[in-house]
Amino acid sequence: MRERYPRFPVFIRLDDRQILFFGAGSVAKRRIQVLLSFGAKIQVIAPKIPGSVEEQFRTWIKTGQVHYKKKQFEETDLEKSMFMVFAATDKPEVNAMIARLCRKRGIPVNNASDASDCDFFFPSVVRKEDIVIGITGNGEDHRKVREVREMIQWKSDEKEEHICL
Ligand SMILES: C[C@@]1(CC(=O)O)c2cc3[nH]c(cc4nc(cc5[nH]c(cc(n2)[C@H]1CCC(=O)O)[C@@](C)(CC(=O)O)[C@@H]5CCC(=O)O)C(CC(=O)O)=C4CCC(=O)O)c(CCC(=O)O)c3CC(=O)O
Ligand SMILES: NC(=O)C1=CN([C@@H]2O[C@H](COP(=O)(O)OP(=O)(O)OC[C@H]3O[C@@H](n4cnc5c(N)ncnc54)[C@H](O)[C@@H]3O)[C@@H](O)[C@H]2O)C=CC1
């Protein structure tokens, strides 16, 4: 469904905030990588870490950057102390249930399999020294968002010597 208004960008502090992920797949990995670089504390709950991302997750777990619980989602996993929750399992019905139960508790939640079921969106991020750029679309063309990110990245790399984005 077409969104009525564009999304408003907000920039927030994540240092030492507790962020909980359900699912330890490629989407979770991509997002955790970004969130860690903003100082977030990450917890991950998933019964399995797929082979394609296992090495990265094992490193994060070993170095204490990610706290991992090997289990399926249960309602009791949701604590009010969570700053935000990412429902990123490969089961759309589980993601929808997580989103519903988070909302009931007032925890902001992102459902990776359904743009219309997100309290906030995960942007494409470009970082250059002290500048942070977040890019979003309207949920209809994720590739376009990625392409804009790549374009900005190339431009800023070209200007490496004089930062003037
Ligand atoms: C709405 C949003 C909600 C949210 O925050 O989760 C959402 C939703 C969905 N994405 C889906 C698919 C893909 N998403 C990507 C890529 C990215 N998606 C990202 C954000 C968002 N994705 C949120 C805002 C998007 C916006 O602003 O428009 C980025 C920016 C950030 C990130 O995820 O890291 C990242 C680019 C990062 C970068 O490269 O910079 C690719 C391409 C790829 O992986 O290369 C594909 C596969 C190809 C395709 O479908 O195009 C599906 C269908 C899933 C299915 O079919 O099951 C849904 C669900 C739905 O649309 O309902
Ligand atoms: N928003 C985005 O950018 C994109 C979203 N997607 C959506 O994201 C979701 C995840 O995709 P991938 O990371 O590629 O999946 P994946 O197959 O790589 O990983 C799925 C993860 O979910 C876990 N899981 C399954 N059932 C669970 C449960 N009951 N409780 C907790 N964890 C559970 C698995 O153990 C695994 O760790 C899919 O729903 C897909 O539609 C896919 C591509 C891009």
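The following exchange concerns a predicted model and the surroundings of its ligands.

Me: What makes Gly137 a polar contact of ligand 1?

Reply: A backbone N or O atom of Gly137 lies 2.6 Å from an oxygen atom of ligand 1. The cut-off for a pair of N or O atoms is 3.5 Å, so the pair counts as a polar contact.

Me: What makes the side chains of Arg7 and His142 polar contacts of ligand 1?

Reply: A polar atom in the side chain of Arg7 is 3.1 Å from an oxygen atom of ligand 1. For His142, an N or O atom of the side chain is 3.1 Å from an oxygen atom of ligand 1. Each pair therefore meets the limit of within 3.5 Å. As for cover, the protein takes up 73% of the 1100 Å² of accessible area that ligand 1 has on its own.

Me: Which residues come closest to ligand 1, and which helices contribute to the shell around ligand 1?

Reply: Ligand 1 is surrounded by 22 residues, the closest being Arg30, Ser124, Gly137, Arg146 and Arg149. Helix 1 (26-36) and helix 4 (142-158) each provide at least two residues of this shell. Helix 4 has the largest share, five residues. By class, the shell holds seven nonpolar, eight polar and seven charged residues. The space that ligand 1 takes is the largest pocket.

Me: Why is the pair of Phe22 and Phe73 called edge-to-face?

Reply: The ring centres of Phe22 and Phe73 are 5.0 Å apart, and the limit for a pair is within 6.5 Å. Their planes stand at 90 degrees, and an angle over 60 counts as edge-to-face. The pair is therefore edge-to-face. The structure holds five aromatic pairs.

Me: How do you know that this pair ties together parts that are apart in sequence?

Reply: Phe22 belongs to strand 1 (residues 18-22), whereas Phe73 is in the loop between strand 3 (66-69) and strand 4 (84-87). The pair therefore ties together parts that are 51 residues apart in sequence.

Me: What makes Ala24, Val27 and Arg31 polar contacts of ligand 2?

Reply: A polar backbone atom of Ala24 is 2.9 Å from an oxygen atom of ligand 2. A backbone N or O atom of Val27 is also 2.9 Å from an oxygen atom of ligand 2. For Arg31, a polar side-chain atom lies 3.0 Å from a nitrogen atom of ligand 2. The limit is within 3.5 Å, so these pairs are polar contacts. The protein covers 74% of the 870 Å² of accessible area that ligand 2 has on its own.

Me: Which elements give two or more residues to the shell around ligand 2?

Reply: They are helix 1 and helix 3 (92-105). Helix 1 gives the most, with four residues. Of the 22 residues around ligand 2, the nearest are Ala24, Val27, Arg30, Lys48 and Phe73. This shell comprises 10 nonpolar, seven polar and five charged residues.

Key
Residues are numbered from 1 along each chain as its sequence is written. Chains are lettered from A and ligands numbered from 1 in the order in which they are written. This is a predicted model: local features need pLDDT of at least 70, side-chain atom pairs count only at pLDDT 80 or more; totals for chains, interfaces and linings use all residues. Side-chain values use heavy atoms; hydrogens and water are left out. A residue is near a molecule or strand if one of its heavy atoms lies within 4 Å of it. A polar contact is a pair of N or O atoms within 3.5 Å; within protein, one must be able to donate a hydrogen and the other to accept it, and residues adjacent in sequence count only if both atoms are side-chain atoms. Accessible areas come from the Shrake-Rupley method with a 1.4 Å probe; for residues, only the protein chains shown count as cover. On a 1 Å grid over the protein atoms alone, a cavity is a set of points where a 1.4 Å probe fits but cannot get out, and a pocket is an open set with protein on both sides within 12 Å along at least five of seven lines; lining residues have an atom within 4 Å of a point. A molecule sits in a cavity or pocket if more than half of its atoms lie within 2 Å of its grid points. Ala, Val, Leu, Ile, Met, Phe, Trp, Tyr, Cys and Pro count as nonpolar, Asp, Glu, Lys and Arg as charged, and the others, Gly among them, as polar. Rings of Phe, Tyr and Trp (its six-membered ring) pair if their centres lie within 6.5 Å; planes under 30 degrees apart count as stacked, over 60 as edge-to-face and the rest as tilted.
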